[in-house]
Amino acid sequence: MALLLGCIADDFTGATDLANNLVREGMRVVQAIGVPTAPIDGVDAVVVALKSRTAPVAEAVAQSRAAAHWLKEQGAPQLYFKVCSTFDSTPQGNIGPVAEALVELTGARCVPVTPAFPATGRTVYLGHLFVGELLLSDSPMRHHPLTPMTDANLVRVLQAQCVRERVGLVTQRDVAAGATPIAQRLDELAGQGVRLAIVDATSDGDLRTLATAARELPLVVAGSGLAIGIPAQHGLAPSAAAAALPPAQGGRAIVSGSCSAATNAQVAQFKAQGGAAFAVDPLRIAAGQDVAAEALAFVRPRLAAGTVLVHATAEPDAVRAVQQQLGAERAGALVEATLARVALGLVEAGVGQLLVAGGETSGACVQALGLTRLRIGPQIDPGVPWCHAPERSLHLALKSGNFGGVDFFHRAFTLL
Ligand code: ADP
């Protein structure tokens, strides 16, 4: 069966966020880790998760092209290039160069571009991106270590990244007037040779209207927000069936490498409620101890009794002390490798329901488990769905650091 939508996401957690929004509006979605090598059946959309946000431009373009070719081969009539809702990019790209390559590949006349997601405080007005009540350039994003965003004018930001195409603007006035005026404005811009157009959106209604205007277009470029309007274009409506996963089985475990405030609170709550927990000490790993084996020896006999937790999660002072001794990068890599081995050992010991906390930690665990695709299921908390990995018959939830309420670890398992 042909896909209804083919998505290319420039990072892993962004892919999950987009997939989650599509599922909630009624699409059956698989998130593929990298470009798949075989067809994926029984779904409406595939989200190909790349690591292209901060990759060298040529690499990002090549990966995105490969993903686009595969998605088009699967029959997807529309491609959705998912970018960060704060438009994270550098003066070189990669949003502009990838968008230009996809314009060429799809033959798109004028592509709507919007990172808006009002439900999470991202709005675009007269081409300027706001984060909550602040202009992007006044928000903490101006200090981002890899992609500092110092200009909120997205027409200017995107134009600076483009080498071939001109960038235009569809303003709130057209958006408020409805889907037809938006489509007419995009046509008018196309007539002037403008191939990419930032589109204003300050409400969910604006995004749904834009999705209608874009129904017949071969390409859209957006944050995860625009996804809320797309399933309805194919006659789909929110349904439990779209999020249905096979029945969960096996032991329950949590592997946590995130040191964010939210994760620290979740770990503390889990311990306070008497959960079985093993703390990974990065200094002992660095000293050559087999901490992964110790962790597995501790939690394996406790699996039958309930959920077990293995964590490197620590308060900022403790993390700083470790980083001063080992260096932040080495400490991170040692901990990630250890937790990934723990995740693999847990699954081999019969864990069938695994929750991983931390973006980088999730990447390391998914890689160690050798997973290439995840069917997206019901949402635990905003942005974090349960997934099912058919290759290991494993239910998996990947939580990026600051997501989830304080009782997330407990609540997640009650949902399966
Ligand atoms: P988040 O989503 O909260 O940013 P990540 O997993 O992406 O979480 O990043 C956390 C990083 O911190 C990882 O590289 C992890 O290995 C590292 N780390 C975890 N615990 C410790 C610790 N106790 N000391 C130093 N580094 C740690």
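These legends walk you through several close-up views of a predicted model. Local features need pLDDT of at least 70 and side-chain atom pairs count only at pLDDT 80 or more, while totals for chains, interfaces and linings use all residues. Residues are numbered from 1 along each chain as its sequence is written, and side-chain values use heavy atoms, with hydrogens and water left out.

**View A. The largest nonpolar core contains 121 residues.** A nonpolar core is a set of buried Ala, Val, Leu, Ile, Met, Phe, Trp, Tyr and Cys residues joined through side-chain atoms within 4.5 Å. Buried means under 20% relative accessible area, exposed means over 50%, and partly exposed is in between (1.4 Å probe, protein chains only). Look for L22, Y80, F87, L346 and L354, which touch the most other members. Helix α3 (residues 95–106) gives the largest share, 7 residues. Helices (H or I, at least four residues) and strands (E, at least two) are DSSP runs, numbered from the N terminus. Domain 1 (5–242) and domain 2 (245–371 + 383–415) both contribute residues, so this core lies between them; the domain bounds come from an automatic or database assignment.

**View B. L22 has many neighbours to find, among them L5 and P231.** Leaving aside residues up to four places away in sequence, L22 also touches C7, M27, V29, A45, V47 and A227. Contact here means heavy atoms within 4.5 Å.

**View C. F12 sits in helix α1 (residues 12–24).** F12 is buried, with a relative accessible area of 17%. Its contacts, not counting residues up to four places away in sequence, are Q31, I33, A49, L50, V366, L374 and L398.

**View D. Helix α10 (residues 291–299) has buried residues on the same side.** Those residues are V291, A292, A295, L296 and V299. They cover an arc of only 135° around the axis, where the arc is that of the directions from the helix axis to the C-beta atoms. Their packing partners are β13 (276–279), α9 (282–286), β14 (308–311) and α12 (328–348).

**View E. R284 and E294 form a salt bridge between helices α9 and α10.** A salt bridge is a side-chain nitrogen of Lys or Arg within 4 Å of a carboxyl oxygen of Asp or Glu. The N to O distance is 2.7 Å, and the two residues are 10 residues apart. R284 is partly exposed at 32% relative accessibility, and E294 is partly exposed at 27%.

**View F. Helix α6 (residues 179–191) holds both R185 and E188.** These two side chains meet in a salt bridge of 2.8 Å, N to O. They are 3 residues apart, about one turn of the helix. An α-helix has 3.6 residues a turn, so residues three or four places apart point the same way.

**View G. A cis peptide bond joins G93 and N94.** Its omega is about 15°, and N94 lies in the loop between β4 (79–82) and α3. Most residues other than glycine have a negative phi, and most peptide bonds are trans.

**View H. L126 and S393 each have a positive phi without being glycine.** For L126, in the loop between β6 (122–125) and β7 (128–131), phi is about 50°. For S393, in the loop between β17 (384–389) and β18 (394–399), phi is near 45°. L126 is partly exposed at 43% relative accessibility, and S393 is partly exposed at 39%.
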